[in-house]
Amino acid sequence: MSITELHNAEHFFIMKNHEVIVKSDIQIELLEKILKEYCKGKVTFEAEGHFVHVLETSNGNLFNVRSLKQFSDIDFMNPLSHKVLNSISDGITICDCNGKILFQNDIDIEIVGMNLMGRYAKDVIDEGLMSDSISMKVIESKEKVTILQTFINGKCFLVSGKPIFDEDGELQYVVAITRDMTQLKLLEQEVEKLEVQNETFKNKLQALHNKESRKSSLITVSPAMMQVVKRVMRVAEVDSTVLIGGESGVGKEEITKLIHAYSRRSHKQILTINCSAIPETLLESELFGYEAGSFTGAVKGGKAGLFEIASGGTVFLDEIGEMPLLLQAKLLRVLQESEVQRIGSGKPIPIDVRIIAATNRKLQEMVREGGFREDLYYRLNIIPIEIPPLRQRRKDIIPLVNHFLALIGEKYGIHRTIESSAMKILEGYDWPGNVRQLKNMVERICLLATQPEITANTVQQELDSNLIIVRDTENTAQQQNSQGNVVTTPFAGTLKEQVAAFEKQMIKQALSEHPSIRQAAKALGCDQSTLVRKIQKFQLTRHVSYKD
Ligand SMILES: Nc1ncnc2c1ncn2[C@@H]1O[C@H](COP(=O)(O)OP(=O)(O)OP(=O)(O)O)[C@@H](O)[C@H]1O
């Protein structure tokens with residue numbers, strides 16, 4: 001009979017750990033015969049007690065042979081129960097009321113690393129094979145006990161012991177369930193490791209976020225602008241209102257972003273509103289919000305204004321000089337009381353925002369002329385920051401050009417360089433539209449250039465086509481080229497054609513000097529819709545970008 005046949009035989013169980021379980025003494029005798037045959041007669045029996053036998057075979061295998069006879073009074077220990085107990089992934093031990101280990105399932109033997117069946121728990125502890133015995137504790141307390149037990153192999157287990165009583169209430173057996181906590185411990189350690197990793201990633205992300213929000217695209221090397229930046233850094237820390245002045249396109253918004261990025265409000269948003277770009281009625285509701293049903297066309301549930309939405313952050317009021325007087329009064333109240341009232345509501349709402357305002361107008365002159373409230377001017381002008389025009393900080397021009405070339409490379413995948421003589425021309429130009437004009441021009445020449453290196457010639461031509469219109473006292477138009485020389489306009493053709501060419505030139509110039517169509521129209525003395533029509537007529541839209 002082969003060992004497989006033996007395994008499948010009706011009366012035997014062959015366990016993984018070279019253990020053979022038989023049902024009766026008779027079968028043990030039978031087994032002895034079979035094993036002797038299987039091991040070619042070289043089998044040694046060491047009978048130990050009534051039912052445990054150790055067999056040493058010629059191939060070195062050690063068989064523990066147990067009879068199930070001892071379990072005859074435990075009705076679950078039929079072969080099926082045995083199989084069921086062995087299919088459980090926790091270790092199971094059954095002791096009698098004296099602590100004698102009657103049964104261990106396969107997993108338990110694996111966990112403990114020893115087959116202890118037939119032995120007394122107390123002896124096992126005395127021999128130092130185990131630190132503790134749950135069975136002994138249950139026998140003593142006659143109650144359910146749970147302990148964390150460490151075995152000599154260093155593994156950690158959660159062991160629960162439960163008493164089983166007979167009909168007379170006498171303790172009969174103790175069933176102990178041993179759960180390997182090593183995996184759980186490993187998982188716990190893994191979770192801890194992941195948590196640490198998670199924390200590290202979170203910190204890195206936060207650092208990146210901080211870096212990103214602090215990253216300003218403000219480029220400057222000039223001493224004049226460095227002074228401004230120094231002031232910005234000091235101002236950023238305090239929460240006061242700031243009024244930024246400077247010509248159109250000098251970088252007032254860029255400076256505002258820098259103040260916000262270095263302020264304690266940087267984790268919140270910065271909201272911008274251009275006071276010149278929105279009609280008065282709309283501006284009021286955008287800034288202060290409105291209650292439900294306060295005017296025709298209002299959103300059903302009412303709407304929060306910019307000051308409410310930006311709570312905790314910064315509100316940037318661009319072109320504050322264009323704010324209508326009525327709204328100036330309302331803004332003053334916001335600044336003084338730190339609260340807003342929605343249109344149609346008498347209820348004040350507290351707000352927590354920092355206000356930064358900017359203008360390219362001479363506010364003091366406006367105050368004198370009655371176009372701007374004096375009290376609001378002083379309230380806004382707590383910390384004034386004046387940004388010098390680009391022509392007064394020419395050292396910034398080349399770094400700015402290189403910065404814009406890099407931006408164009410990123411945005412369009414177009415990589416251009418500008419030869420040094422061309423850079424000199426750009427550096428010498430007066431830039432009435434300041435950084436915005438420089439940015440637009442660099443973008444235009446890069447996009448139109450056919451060669452990777454932009455020559456001085458190209459730059460010169462572009463600047464010449466960007467002639468500055470100046471008006472003499474008699475209101476006749478002359479032109480000034482990039483070197484500042486006044487030149488006669490070389491218009492040719494019929495009177496109509498010459499007028500059209502001149503008109504086109506004026507519009508083009510106004511568009512490059514002013515950030516919005518509205519302002520360009522104002523400067524040209526025509527209304528917005530006329531200007532839009534003429535832009536379309538002269539097809540200027542493709543070449544001129546009015547506002548970034
Ligand atoms: N120092 C700078 N470094 C990099 N880019 C700049 C700098 N200054 C301005 N710019 C860029 O030039 C353009 C115009 O700048 P910005 O809008 O800040 O000017 P502004 O003074 O607010 O203009 P306006 O008065 O018309 O509102 C923007 O694209 C801005 O990113």
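**A central sheet and its helices**

Me: In this predicted model, which residues of strand β15 cover its two faces, and are these residues buried or exposed?
Reply: In a regular strand the side chains alternate between the two faces of the sheet. In β15 this places T314, F316 and D318 on one side, with V315 and L317 on the other. Both faces of β15 are covered, and the residues named on the two sides are all buried.

Me: How many of the residues of strand β15 are buried, and what follows for the strand as a whole?
Reply: Strand β15 runs over residues 314-318, and a residue is called buried when 20 or more other C-beta atoms lie within 10 Å of its own. Strand β15 is largely enclosed by the rest of the structure, because the number of its residues that pass as buried is 5 of the 5.

Me: Which residue of β15 stands opposite N274?
Reply: Strand β12, which covers residues 270-274, pairs with β15 in the parallel sense over 5 bridges. Within this pair of strands, the residue of β15 that stands opposite N274 is D318.

Me: Which residue of β18 stands opposite T314?
Reply: Strand β15 is also joined to strand β18 (residues 354-359), and these two strands run parallel with 4 bridges between them. Looking along β18 for the residue that stands opposite T314, one arrives at R354.

Me: What is the order of the strands in the open sheet that contains β15?
Reply: The strands β12 and β19 (383-386) stand at the edges, each with a single partner strand, so one side of each is left without a neighbour in the sheet. Strand β11 (residues 242-245) pairs with β19 in the parallel sense over 4 bridges, and the bridge partner of V242 in β19 is I383. The pairing in this open sheet of 5 strands is parallel, and the order is β12-β15-β18-β11-β19.

Me: By what angle are neighbouring strands of this sheet turned against each other on average?
Reply: The sheet in question is the open one of 5 strands with the order β12-β15-β18-β11-β19. If direction is ignored, its neighbouring strands are turned against each other, on average, by 20°.

Me: What angle does the direction of α9 make with that of β18?
Reply: Helix α9 packs on the sheet, where it touches β11, β12, β15, β18 and β19. The direction of α9 makes an angle with that of β18 of about 165°.

Me: Are helices α8 and α9 oblique or parallel to each other?
Reply: Two packed helices are described by the angle between their axes and the distance between the axes. For α8 (residues 223-237) and α9 (residues 252-261) the angle is about 40° and the axes are 8 Å apart, and the crossing is right-handed. Angles under 35 degrees would count as roughly parallel, and α8 and α9 are therefore oblique.

Me: How does the contact of α8 with α9 divide by residue class?
Reply: From α8 the residues V228, V232, V235 and A236 take part, and they meet I255, L258 and I259 in α9. By class, this contact of α8 with α9 has no polar residues, no charged residues and 7 nonpolar.

Me: How do the residues in the contact of α15 with α16 divide by class?
Reply: Helix α15 (residues 397-412) packs with helix α16 (residues 420-428) at an angle of about 115°, and their axes are 9 Å apart. The crossing of α15 and α16 is right-handed, and the contact is made by I397, I398 and V401 of α15 together with M423, L426 and E427 of α16. In this contact of α15 with α16 there are no polar residues, and the rest divide into 5 nonpolar and 1 charged.

Me: Which residue in the hairpin of β9 and β10 takes a positive phi near 80°?
Reply: Strand β9 (residues 156-165) and strand β10 (residues 171-180) pair in the antiparallel sense over 9 bridges, with S160 opposite I177 in β10. Their hairpin has 5 residues between the strands, and the residue that takes a positive phi near 80° is G169.

Me: Is L325 buried or exposed?
Reply: L325 is found in helix α12, which covers residues 325-337. A residue counts as exposed if 12 or fewer other C-beta atoms lie within 10 Å of its own. L325 has 12 C-beta neighbours inside 10 Å, and it therefore counts as exposed.

Methods: Residues are numbered from 1 along each chain as its sequence is written. This is a predicted model: local features need pLDDT of at least 70, side-chain atom pairs count only at pLDDT 80 or more; totals for chains, interfaces and linings use all residues. Axes are lines fitted to C-alpha atoms, for helices over the stretch in contact, and angles run from 0 to 180 degrees between N-to-C directions. Angles under 35 degrees count as roughly parallel, over 145 as roughly antiparallel, 65 to 115 as roughly perpendicular and the rest as oblique. A crossing is left-handed if the near helix is turned anticlockwise from the far one by less than a right angle, and right-handed if clockwise. Two residues are in contact if their C-beta atoms, placed from the backbone, lie within 7 Å. Ala, Val, Leu, Ile, Met, Phe, Trp, Tyr, Cys and Pro count as nonpolar, Asp, Glu, Lys and Arg as charged, and the others, Gly among them, as polar. Two strands pair if DSSP finds at least two bridges between them.
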